[in-house]
Amino acid sequence: RARTLVAGRTDGALSTLALDPPGHPFGSVVTYALADDVAPLLLLSTIAEHARNLAADPRASLLVTAASAGTGRLAAERATLVGTVTAVDEDQQKAAVERYLAVHPDAFWAHFPDFAVHRLDVERVRYVRGFGEMSWVDGDEHRAATVDPVALAEAGIVAHMNDDHRDGLERMVDAFLDVPDEVLDVEMLSCDRYGFEVRVAVAAADAVRPGVAFGRIGFTRPLRAADEARVAMVALVRAARGDRTRAT
């Protein structure tokens with residue numbers, strides 16, 4: 001999830017150790033591209049405060065967050081990449097700049113003499129998916145991970161299922177999840193290569209208003225491409241109709 005999030009974004013908040021006032025965390029907005037080894041490539045000016053800080057102490061972190069608004073940002077997934085920042089070697093600067101410009105083609109300042117591409121070599125990643133769901137990820141594990149092939153199509157899949165296939169969602173919840181109360185409504189929240197998550201409105205016996213439950217239903221195998229989601233959903237609906245023992 002952290003690897004997919006970082007691959008899908010192009011900006012974040014860089015934190016360095018300030019020279020002035022000494023030792024305090026200093027945050028700044030940066031944009032990035034990814035190297036082949038997944039290291040974020042940052043285009044930094046020598047006159048920027050964060051560049052001065054890094055010259056004295058290369059330790060830094062880059063916070064990358066999913067798009068959200070208002071208080072929803074507190075529930076949005078985010079990843080903090082912790083490591084050290086160093087300038088890309090001179091013989092590799094041209095290729096690094098081209099890599100950066102492929103993601104940020106309007107960054108004309110990339111050719112100014114005081115700018116150079118730096119790389120953040122990630123040692124650990126702190127991933128937070130939302131309230132109460134978080135973990136540390138080792139840097140090697142982060143580099144070895146692959147981007148979820150469903151990520152770019154996720155919003156469309158979720159919208160389509162909620163708009164056109166609520167009955168199918170309810171059938172799958174009824175077959176594969178243990179919901180003790182009467183199900184009033186089902187909404188798909190997310191979808192990835194392994195399955196999808198739902199929010200279930202239930203008629204709780206001891207509540208004035210409907211209660212809420214959450215669950216996850218897995219595909220029979222990981223999806224290799226986004227266009228496999230439809231076939232996987234159909235297979236689950238068919239299984240829900242005829243085989244209630246295939247809970248995942």
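In this predicted model, helix 6 (residues 166-176) lies across strand 8, strand 9 and strand 10, and its direction makes an angle of about 100° with that of strand 8. Those three strands form an open, antiparallel sheet in the order 8-9-10, in which strand 8 (182-192) and strand 10 (211-218) stand at the edges, so that each has a single partner strand and one side without a neighbour in the sheet. From one strand to the next, the twist averages 25°.

**Helix 6 and its cover**
- The buried residues of helix 6 are Gly168, Leu169, Met172, Val173, Ala175 and Phe176.
- An α-helix has 3.6 residues a turn, so residues three or four places apart point the same way.
- The cover over the buried residues of helix 6 includes strand 8, strand 9 and strand 10, together with helix 5 (154-164) and helix 7 (229-242).

**Pairing of strands 8 and 9**
- Strand 8 and strand 9 (residues 195-203) run antiparallel and are joined by nine bridges.
- Aspartate 185 has alanine 201, in strand 9, as its bridge partner.

**A nonpolar patch at the surface**
- Phe108, Trp109 and Phe112 make a nonpolar surface patch of about 320 Å².
- One of these residues, tryptophan 109, is located in the loop that lies between helix 3 (90-103) and strand 6 (115-130).
- Tryptophan 109 has a relative accessible area of 32% and is therefore classed as partly exposed, a class that lies between the buried limit of under 20% and the exposed limit of over 50%.

Technical notes:
Residues numbered from 1 in each chain as written. Predicted model: local features only at pLDDT ≥ 70, side-chain atom pairs only at ≥ 80, totals over all residues. Heavy atoms only, no water. Patch = residues over 30% accessible without salt bridge, like charges linked within 9 Å, V, L, I, M, F, W, Y side chains within 5 Å. Areas by Shrake-Rupley, 256 points an atom, 1.4 Å probe, with all protein chains shown as cover. Salt bridge = Lys/Arg side-chain N within 4 Å of Asp/Glu carboxyl O. Helix = DSSP H or I, 4+ residues; strand = E, 2+ residues; numbered from the N terminus. Buried < 20%, exposed > 50% of the residue type's maximum accessible area, 1.4 Å probe, protein only. Pairing = 2+ DSSP bridges. Axes fitted to C-alpha atoms, helices over the stretch in contact; angles between N-to-C directions. Contact = heavy atoms within 4.5 Å.
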